[in-house]
Every structure is written in structure tokens, then in C-alpha cells.
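Please look through the sequence and the model below with a first-year student's eye, moving from the inside of the fold towards its backbone details.

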Amino acid sequence: MRSLLFILFILCFCPRTEAQDYFSIMAWNVENLFDTQHDEGKRDEEFLPEGDHRWSRYRFFKKLKEIGKTIVAVDSMKPVEVIGLCEVENDSVLTCLTERTPLRQLGYQYVMTHSADERGIDVALLYAPLRFHLIAYESLRTPTRQPVRDVLHATGSIPSGDTLDIYLLHLPSKLGGAQAETHRKAVVNHILTHTDSVSNARQHPNIIVMGDFNDEFNGKRMQPFQKRGFVDVITRQKPGTYKYQGLWSILDHILVKSTRLHYSAGISALPFLLEPDKTHQGQKPFRTYLGPRYNGGISDHLPVWMRIKM
């Protein structure tokens, strides 16, 4: 069985020579990807079968299959090698996603954080082990008065011979007033202190910080990244990653700090990720819930992607 899976993985990730001319990465907030079981000590009651959202196994596995479909569809040439997911609950969710959907044929492995977030929301990194050789990973916890989500730092090598340091984050939202703002600053400062250390330790640092920043790149909260020399590869891409009251914005970013990497990037506005915006015209992300009402979609965010030229 293992030899069969290995051959299948080789076929999937090495389909043609031209497809190996780049290494692909994506980041996506998948909107409250909870399982249907209660996690002790976590406030996940609204996403239980008896909770306000009436979250069921059918709805859970439907969402998993559609997430898998999206991951496969983001790149028509070959499977994406590294996928960062925000708003995932636990290992059970990732096990179901990688082993009980069509993604199981691609052999993805994953690492994730297990933060002190009160709702149990974490981030996870899926990766293709034959294309991204995981060297090390760690969960970065920022000391704050109230728990915030951990940041995942993964180091790995890619077929070009380059080493990537990938930071996957989901920053606190702008809601919550001064305290939330203090938490955001603390997390950003913690990340930048860590990336500074990596830059000093590597001969040729290739640092990628990605995920849901809950802010535009030109916002004041993102200025510390700009001052450190990070470039947002998603800036000015269309249509945006999130739509609020009829206006698109880019809250999900892939920031790069490197003198060696050459890349292209974009936002995946796949047709099945969108629905008509009946209130403000145009289209909007096809989200799973509208308040407590089940909407049947996949996420309220669109995925972002990056291709590193070899």
C-alpha cells in the first residue's frame, strides 16, 4: 500500500516538466472550520449539532470536500505544494481534510498550532513532503493579557535548493477597541523580532509571512512590515479577498522578504467561491453562514496564491 501511495504521489506532483518550473503557495481563511465535537475548555458550542448554528456532520463534510476542491482548482497545472489555512479547530479537522476527502490521493501532511484562543481557532500548514522538505516548525505564542492565536513558523527546503521560512498567522480583528489594538501590535512585534533573528542567521534568507492580517497593506497596522522591507505580492490584485457592505478589500496577504526569489501572485476568484451580491450588486464570497443562518457556501474569504519561479 505504501509503495502504491508513493507512486501515486510522484505522479500527482511530477506530471510534466514545465509544471516544475515553479513552486506554489496559497493562504486561505476557511471561515470557522469546526468539527462537530466539543473541545473541553473551548467556546465552540455554537458549532455543535445542538448549537445555534446547527452544525452537522453533513455540513462539516460538505465544507471539507469543497475546501479540497478549491485547493485542487487553484492551480490547473499541478497541486499546490504549501497551503496555509486560517480558522481551523484541531487535528481532527485536518485529519478529515487530508484523509477523508479527495485530497487523500495527494498525500499532504500538515503541522498546526494549538493555541490558547478561547474559541479554539488555529492555523495549519498543509505541505507536499516530496516538494517541501520540512526541516523544523514551531508555534510562536505572544504573551498578552488575554489569549491570542499563535503564529506557525515552518522552515523547509524546496527543489530549487532554497530554504523558505514561512510564517502563517491570523491577526486579531479590529473589533475590541484599544485592547485588541494592543494585542495586534504585540503579535506583529513578536513576529518581526523573530524574522529579524532568522534574517541574521541565514546567508540567503527567504522569509514569507502570510495569512489573514485583518487589515489592508497600506493600513497603519501593517507599516512595521513595510519598514522591515517586506513586499506584499497581493497588493493591487483584483477583486479583493473580503467584501464588507459592498466594498472589496484585501485582508489576506503574502508578504515576502528575499533577494533571491522571483514570483507571481494573485487572488483565486473561482466561480464556485462566489455568489451574487443582491444588496450591493456584483459578486461576493460564497460564505458558509450569514450570521446564524446557514448559507451553504465555503468561506467569506477568497484564497491568495504565489508561484515562486525556479
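In this predicted model, strand β18 (304-309) makes the greatest contribution to the lining of the largest cavity, supplying 3 residues. Both β1 and β18 provide at least two residues each to that lining, and the full set of lining residues is S24, I25, V74, D75, V80, W305, M306 and R307. When these lining residues are sorted by character, they fall into 5 nonpolar, 1 polar and 2 charged. The space inside the largest cavity comes to about 40 Å³, and the count of cavities of 30 Å³ or more is 1.

The nonpolar interior can be considered next. Nonpolar side chains tend to be buried together in soluble globular proteins. Here the largest nonpolar core has 65 residues, and within it L164, I208 and M210 touch the most other members. Strand β1 gives the most to this core, with 7 residues. Apart from this core lies another one, of 19 residues, which includes V151, V188, I191 and F213.

Which residues does M210 touch, once residues up to four places away in sequence are not counted? Its contacts are I25, M26, A27, V82, G84, L125, I166, Y167, L168, L169, H253 and I254. One of these partners, I25, is also named in the lining of the largest cavity, so that a reader can follow this residue from the list of cavity-lining residues to the contacts of M210.

Helix α4 (residues 177-201) contains 25 residues, and the distance from its first C-alpha to its last is 37 Å, which is close to the 36 Å expected at 1.5 Å a residue. Its buried residues are A180, E181, H183, R184, V187, V188, I191, L192, H194, T195, V198 and S199, and the buried residues of α4 pack against β5 (133-140), β6 (151-157), β7 (163-170), β8, α5 and β12 (252-257). Two of the residues in that buried list, V188 and I191, are also among the members of the core of 19 residues.

Within the same helix, S199 can serve as a single example. Is S199 buried or exposed? S199 counts as buried because its relative accessible area is 19%, and the cut-off for buried is under 20%. Leaving aside residues up to four places away in sequence, S199 touches P205, I207 and K257.

The backbone also has some details to examine. Most residues other than glycine have a negative phi, and most peptide bonds are trans. Against that background, two asparagines may be set side by side, each with a positive phi although neither is a glycine.

| Residue | Phi | Location | Relative accessibility |
|---|---|---|---|
| N32 | about 55° | strand β1 (residues 22-33) | 17% |
| N214 | about 55° | loop between β8 (207-212) and α5 (223-227) | 14% |

N32 counts as buried because its relative accessibility is 17%, and N214 likewise counts as buried because its relative accessibility is 14%. N32 is found in strand β1, whereas N214 is found in the loop between β8 and α5.

The last backbone detail concerns a proline. The peptide bond that runs from K238 to P239 is cis, with its omega near 0°, and P239 is found in the loop between β9 (231-232) and β10 (242-244).

Notes. Residues are numbered from 1 along each chain as its sequence is written. This is a predicted model: local features need pLDDT of at least 70, side-chain atom pairs count only at pLDDT 80 or more; totals for chains, interfaces and linings use all residues. Side-chain values use heavy atoms; hydrogens and water are left out. Helices (H or I, at least four residues) and strands (E, at least two) are DSSP runs, numbered from the N terminus. Buried means under 20% relative accessible area, exposed over 50%, partly exposed in between (1.4 Å probe, protein chains only). On a 1 Å grid over the protein atoms alone, a cavity is a set of points where a 1.4 Å probe fits but cannot get out, and a pocket is an open set with protein on both sides within 12 Å along at least five of seven lines; lining residues have an atom within 4 Å of a point. Grid points are joined across faces, edges and corners, and a volume is the space filled by probe spheres set on the points. Ala, Val, Leu, Ile, Met, Phe, Trp, Tyr, Cys and Pro count as nonpolar, Asp, Glu, Lys and Arg as charged, and the others, Gly among them, as polar. A nonpolar core is a set of buried Ala, Val, Leu, Ile, Met, Phe, Trp, Tyr and Cys residues joined through side-chain atoms within 4.5 Å. Contact means heavy atoms within 4.5 Å. The expected span of a helix is 1.5 Å times one less than its number of residues.
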